[in-house]
Amino acid sequence: MHIDILSLFPEVFEPMLSTSIIGRARDNGLLTVACTNYRDYTHDVHRTVDDKPYGGGPGMVLKCEPVFAAVRDVESRAAVPPLRILLTPQGRRLDQPLVKELAAAQTLLLICGHYEGFDERIRLGLKPLEVSIGDYVLSGGEAAAMVLVDTVTRLLPGALGAEESVEEESFTDGLLEYPQYTRPAEFEGMRVPDVLVSGHHAEVARWRAEQRRLRTRERRPDLPAARQDG
Ligand code: 9D3
């Protein structure tokens, strides 16, 4: 997969893109990422990317010209037309089914704003899929784009090692994880449950399955998996 990210702060992505699973996916050639600054597509001396809203009101609005120019330039160099994604609080909420849809694309183009809104003609002219990562206010689309890249990368074939893949399986059954412990067997008066220390594999499995059901019902009654009887 190839991902282009357009942003006023392209430098914020590099550390997370070079670390852990995303870094390894890039090293292994499963993923390429390119970050581009809208400011490189301005022509005035102040390199203006935003302006006051028509009709008045607070804040600034991201201008059409640098966004369209950046999108067109990046796409002109792409092998296939990318799936255009606008990161916005008004978008479709990102969840694992949407992540799966996005992971099926060959190329993604992520369009980030910062502080300000987008000129509406960016939506009208570029017809992007609009995506939100949840109902809270971010300072910009960059953190949301990073979340999207992370979640999509995990689904690329070969991105996860064998051990990590098992984890992936257990989340897609819709239940929360069971509690985990490592040594020491007692820490500040808190003991590891006897069943885990027992070495009784069938009982460990039963305890973990039970803990997952209890946790899901207690913490996430909204999840479909919480409604299963038993
Ligand atoms: C408080 C400002 N709001 C009223 C003018 C509008 C607003 C504009 C831009 C609110 C947040 C932002 C910046 N957020 C994003 O660009 C963003 C976002 C988010 O804030 N929450 C969840 N998902 C996303 S995706 C992009």
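Two residues are taken to be in contact when heavy atoms of each lie within 4.5 Å. The structure described here is a predicted model. By this criterion, and with residues up to four places away in sequence set aside, Val131 touches Ile85, Leu86, Leu87, Thr88, Gly91, Arg92, Leu94, Leu98 and Leu148. Val131 belongs to strand β8. Its relative accessibility is 1%, and because buried residues are those under 20%, Val131 counts as buried. A contrast in distance is offered by Glu210, which stands 79 residues from Val131 in sequence and 35 Å from it in space, C-alpha to C-alpha.

One of the partners of Val131, Leu148, leads to the interior of the model. The largest nonpolar core contains 30 residues, and those with the most contacts inside it are Leu87, Leu108, Leu110 and Leu148. At least two residues of this core come from each of β1 (2–7), α2 (20–27), β5 (83–93), α4 (96–103), β6 (107–111) and α6 (142–153). The greatest contribution is that of α6, which gives 6 residues. Beyond its neighbours within four places in sequence, Leu148 is in contact with Ile85, Leu87, Leu94, Leu102, Leu108, Leu110 and Val131. A second core, separate from the one above, has 18 residues, including Leu62, Val74, Leu86 and Leu126. In soluble globular proteins, nonpolar side chains tend to be buried together.

Helix α2, one of the elements that supply the largest core, has as its buried residues Ile21, Ile22, Gly23 and Ala25. An α-helix has 3.6 residues a turn, so residues three or four places apart point the same way. After α2 comes Gly29, with a positive phi near 80 degrees.

The surroundings of the ligand were examined next. The ligand is surrounded by 15 residues, of which the closest are Ile133, Gly134, Tyr136, Leu138 and Gly141. Three contacts with the protein backbone may be described. A nitrogen atom of the ligand lies 3.0 Å from a backbone N or O atom of Ile133. A polar backbone atom of Leu138 is 2.8 Å from an oxygen atom of the ligand, and a polar backbone atom of Gly141 is 3.2 Å from an oxygen atom of the ligand. On its own the ligand has 570 Å² of accessible area, and the protein covers 66% of that area. Strands β5 and β8 (129–132) each provide at least two residues of the surrounding shell, and β5 gives the most, with 3 residues. By residue class, the shell consists of 9 nonpolar and 6 polar residues, with no charged residue.

Leu138, among the residues closest to the ligand, is located in the loop between β8 and α6. Its relative accessible area is 37%, and it is therefore partly exposed. Apart from its neighbours within four places in sequence, Leu138 is in contact with Ile133, Ala143 and Ala144. Pro89 is 49 residues away from Leu138 in sequence, yet the C-alpha atoms of Leu138 and Pro89 are 8.4 Å apart in space.

A polar contact between side chains is found at His114, where the partner is Glu142 and the distance is 2.6 Å. His114 lies in the loop between β6 and β7 (117–118). With a relative accessible area of 13%, His114 is buried. The residues touched by His114, not counting those up to four places away in sequence, are Phe9, Ser139, Gly140 and Glu142.

Several loops also contain particular backbone geometry. In the loop between β2 (32–37) and β3 (50–51), Arg47 has a phi near 55 degrees, a positive value in a residue other than glycine. Arg47 is partly exposed, at 37% relative accessibility. A positive phi, of about 45 degrees, is also found at Glu188, which is not a glycine. Glu188 is placed in the loop between β9 and β10 (190–191), and its relative accessible area of 69% makes it exposed. Finally, the peptide bond from Arg183 to Pro184 is cis, with omega near 5 degrees. Pro184 is part of the loop between α7 (162–172) and β9 (186–187).

Technical notes
Residues are numbered from 1 along each chain as its sequence is written. This is a predicted model: local features need pLDDT of at least 70, side-chain atom pairs count only at pLDDT 80 or more; totals for chains, interfaces and linings use all residues. Side-chain values use heavy atoms; hydrogens and water are left out. Helices (H or I, at least four residues) and strands (E, at least two) are DSSP runs, numbered from the N terminus. Buried means under 20% relative accessible area, exposed over 50%, partly exposed in between (1.4 Å probe, protein chains only). A nonpolar core is a set of buried Ala, Val, Leu, Ile, Met, Phe, Trp, Tyr and Cys residues joined through side-chain atoms within 4.5 Å. A residue is near a molecule or strand if one of its heavy atoms lies within 4 Å of it. A polar contact is a pair of N or O atoms within 3.5 Å; within protein, one must be able to donate a hydrogen and the other to accept it, and residues adjacent in sequence count only if both atoms are side-chain atoms. Accessible areas come from the Shrake-Rupley method with a 1.4 Å probe; for residues, only the protein chains shown count as cover. Ala, Val, Leu, Ile, Met, Phe, Trp, Tyr, Cys and Pro count as nonpolar, Asp, Glu, Lys and Arg as charged, and the others, Gly among them, as polar.
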